[in-house]
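The questions below ask how the labels given to parts of a structure are justified. Each answer sets a value against a definition.

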Amino acid sequence: MPFFLEVLVGGLLAGVMYSMVAIGFVLIYKASGVFNFAQGSMVLFAALTFVSIVERGVGFWTAMAITLAVMLVLALVIERVVLRPLVNRPPITLFMATLGLSFMLEGLAQTLWGSQVHGLELGVADTPFEVHGVMVSQFDLFAAGAAGALVLVLGLLFNKTRLGLALRSVADDQLAALAVGIDLRRVWAVVWAVSGIVALVAGLLWGARVGVQFSLSLIVLKALPVLIIGGFSSIAGTIVGGLLIGASEKLAEVYIGPLVGGGIENWFPYVLALVFLLARPTGLFGEPRVERV
Amino acid sequence: MALASTDEIFSRVPASRVRVDRLAGVGVLALAYGVVPAVGTDYWFSAILIPFLVLALAGVGLNVLTGYAGQLSLGSAAFMAVGAFASYNFLLRVPHLPLLVAFALGGLTAAGVGVVFGLPSLRIKGFYLIVSTLAAQFFVEWALTKWSWFSNDNASGVITAPPLLVLGHDFSGPRGRYLLALTVVLALGMVARNLVRGEVGRNWMAVRDMDTAAAVIGIPILKTKLLAFATSSFYCGVAGALWAFAYLGTVEPHGFDLDRSFQVLFIIIIGGLGSIAGAFLGAAFIVLLPILMDNVATRFLAGVVDPSNLENLQKLVFGGLIIFFLIKEPEGLARLLRTAAERLRRRAVVR
């Protein structure tokens, strides 16, 4: 039983890390209906930029500020160069544009900073400790705390500020938002900037875990099923989805994996997401779309 | 996703244009079967022409599903893998099976797998469908690696092509493999062209443009979508078999990873969504660009660009091109070519 609990807790905490990436998706999808495949590359780009600046002898917080500024500029450029010319195009076109964007970001990050693996130290040791006979990683708890804080801040931003009101109105109905005088371009730039910041936080946590390297951009593939289960437009959904995916993925690997030869972590979340979708085609918390002819 | 304009679908093609098109077709055939085999070098066959033909076929397959039927797929490489490994196993386990029949059986197996992963498309729409095609991608790669039966108990899942014999002729040399790929790809390309111009193609486009509306006017959604998945997977499957047998000779499951799926998707974005010719143009572009960049880098930028950085630069250029094409010419190279041809023709008429 303690072993089961240990796997479960480990899985839940890993799931929180997946949610961190998925949150960036949701922000952009809510505000602009764009399915941003480049979120993973943004995580890589942010983490690689941060690490490379730190390695050049800049202090932690200064490096953080510089990276934040870079992500803001990046958001503005993306809005200007990629999104604005594609206004009113079908969603599938915008998705493919973000696919191109993700290639550009990966290429750019590695051209600028090289493709070797960088270590990242956040000052939190990855040492396990024992709670009632269950081993829990200190770092995982820290990551979960960071994710919780991030969700809290985003919640406040969305629900208590004027900017949040604008964001929510755009998410609700773009045309109506335009009609009451909300600047759509500014909202998009803000949303991309915020998901850039989320990408930085996710990148730092993941980078400290597995090292800052190319494979960081592949966590987008882990975040996808999380997103699908939670629904594209719900931040709470990504947390629930992340916990579900994280826990079931680890449990499946431990208990089902040996029966079929192991290594099922790659596809199991997708099959799980598929099963969920067959029951609820728009995810757990997604809003069903009404279609008119 | 309204890509094909209505005049393209309903217009009566003038007889003079049909003649010109037919002439161009004969010209291409003469070039492909007459001139190229005579002047081509082994390098051209093995490194450029064969991968171009095979990727074009995979592009045609994905274009049926994404360009015509509007179902986004990130699993093309999985269906290619199924085709390759199925053909291999049919040849291995069925004595005296002709090569081309094995290709067809491989394609049909891929079609079957495609239908299974296409089933969710009936309930799930749009981006949510990506999850189904990605599930196919990861599951197939995993299954082919884990279960060694598929690769005849090879430790690392590698399969090796037997000698390519068709009707007693050996097509194992570079020129032979080129002719084999060319024949298969051209034949299937013609079938696809007729398919998308007929009732089936119109049904696909109707479902793509709005499936609710298509259902209202009496198009059977279930049949249409699954037929698109089956056809697309069949083409990808045969392309995979050619990739393994005619291009590489030996492949492992990881040769058909997600990056290959992206490559096929980029082919149809750059070449032109919803265009058979576009798949060929896009494939040519995607095969030639890295070689071109390689040459430019070694000739002119030696010392400036680190060779290890070339791959990253390629990514940068590819990504940029994707965005450029989506913004400036969403119908891709196929549209550019058509516009250029129209202009030439008009000029000829005026004179």
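Q: What makes the pair Arg335(B) and Glu331(B) a salt bridge?
A: The closest N and O atoms of Arg335(B) and Glu331(B) are 3.6 Å apart. A salt bridge is a side-chain nitrogen of Lys or Arg within 4 Å of a carboxyl oxygen of Asp or Glu, so the pair Arg335(B) and Glu331(B) qualifies. This is a predicted model, in which local features need pLDDT of at least 70 and side-chain atom pairs count only at pLDDT 80 or more, while totals for chains, interfaces and linings use all residues. Residues are numbered from 1 along each chain as its sequence is written, chains are lettered from A and ligands numbered from 1 in the order in which they are written, and side-chain values use heavy atoms, with hydrogens and water left out.

Q: Why is Arg335(B) called partly exposed?
A: Its relative accessible area is 28%. Buried means under 20%, exposed means over 50%, and partly exposed lies in between (1.4 Å probe, protein chains only). Arg335(B), at 28%, therefore counts as partly exposed.

Q: Which residues do salt bridges with shared partners join into one network?
A: Lys222(A), Glu249(A) and Lys250(A) are joined in this way.

Q: What makes Asp209(B) and Arg208(B) a salt bridge, and how is each residue classed by accessibility?
A: The closest N and O atoms of Asp209(B) and Arg208(B) are 3.1 Å apart, which is within the limit for a salt bridge. Asp209(B) has 40% relative accessibility, so it counts as partly exposed. Arg208(B) has 8%, so it counts as buried.

Q: How many salt bridges does the rule find over all chains, and how many across the interface of chain A and chain B?
A: The count comes to 8 over all chains. Across the interface of chain A and chain B the rule finds 1.

Q: How do you know that Glu106(A) and Lys315(B) meet in a salt bridge?
A: The N to O distance between their side chains is 2.7 Å, and this satisfies the rule. In general, side chains of opposite charge can pair when their charged atoms come close.

Q: Why are Glu106(A) and Lys315(B) both called buried?
A: Glu106(A) has a relative accessible area of 8%, so it is buried. Lys315(B) has 15%, so it is buried too.

Q: How much area do chain A and chain B bury between them, and what does that value mean?
A: They bury about 4200 Å², 78% of it on carbon and sulfur atoms. Buried area is the accessible area (1.4 Å probe) that two parts lose on being put together, summed over both. Met96(A), Phe103(A) and Trp267(A) supply 16% of the area that chain A buries against chain B, more than any other three residues.

Q: How many residues of each chain take part in the contact?
A: Chain A gives 51 residues and chain B gives 42. Contact means heavy atoms within 4.5 Å.

Q: How do you know that the span of helix H6 of chain B agrees with what is expected?
A: Helices (H or I, at least four residues) are DSSP runs, numbered from the N terminus. The expected span is 1.5 Å times one less than the number of residues. For the 17 residues of H6(B), residues 130–146, this gives 24 Å, and the end C-alpha atoms are 24 Å apart, so the two agree. As for cover, 14 of the 17 residues of H6(B) are buried.

Q: Why is H2(A) described as largely enclosed by the rest of the structure?
A: Of its 17 residues, 15 are buried, so the description fits. H2(A) covers residues 39–55 and reaches 24 Å from its first C-alpha to its last, close to the expected 24 Å. It is followed by Gly57(A), whose phi is positive, near 90°.

Q: Why is Glu79(A) called buried, and what does it touch?
A: Glu79(A), in helix H3 of chain A, has 4% relative accessibility, so it counts as buried. Not counting residues up to four places away in sequence, it touches Arg84(A), Arg185(A), Trp188(A) and Ala189(A).

Q: Why is His96(B) called exposed, and what is its phi?
A: His96(B) has a relative accessible area of 81%, so it is exposed. Its phi is near 60°, a positive value in a residue other than glycine. Most residues other than glycine have a negative phi. His96(B) is found in the loop between helix H4 and helix H5 of chain B.

Terms used: Helix = DSSP H or I, 4+ residues; strand = E, 2+ residues; numbered from the N terminus.
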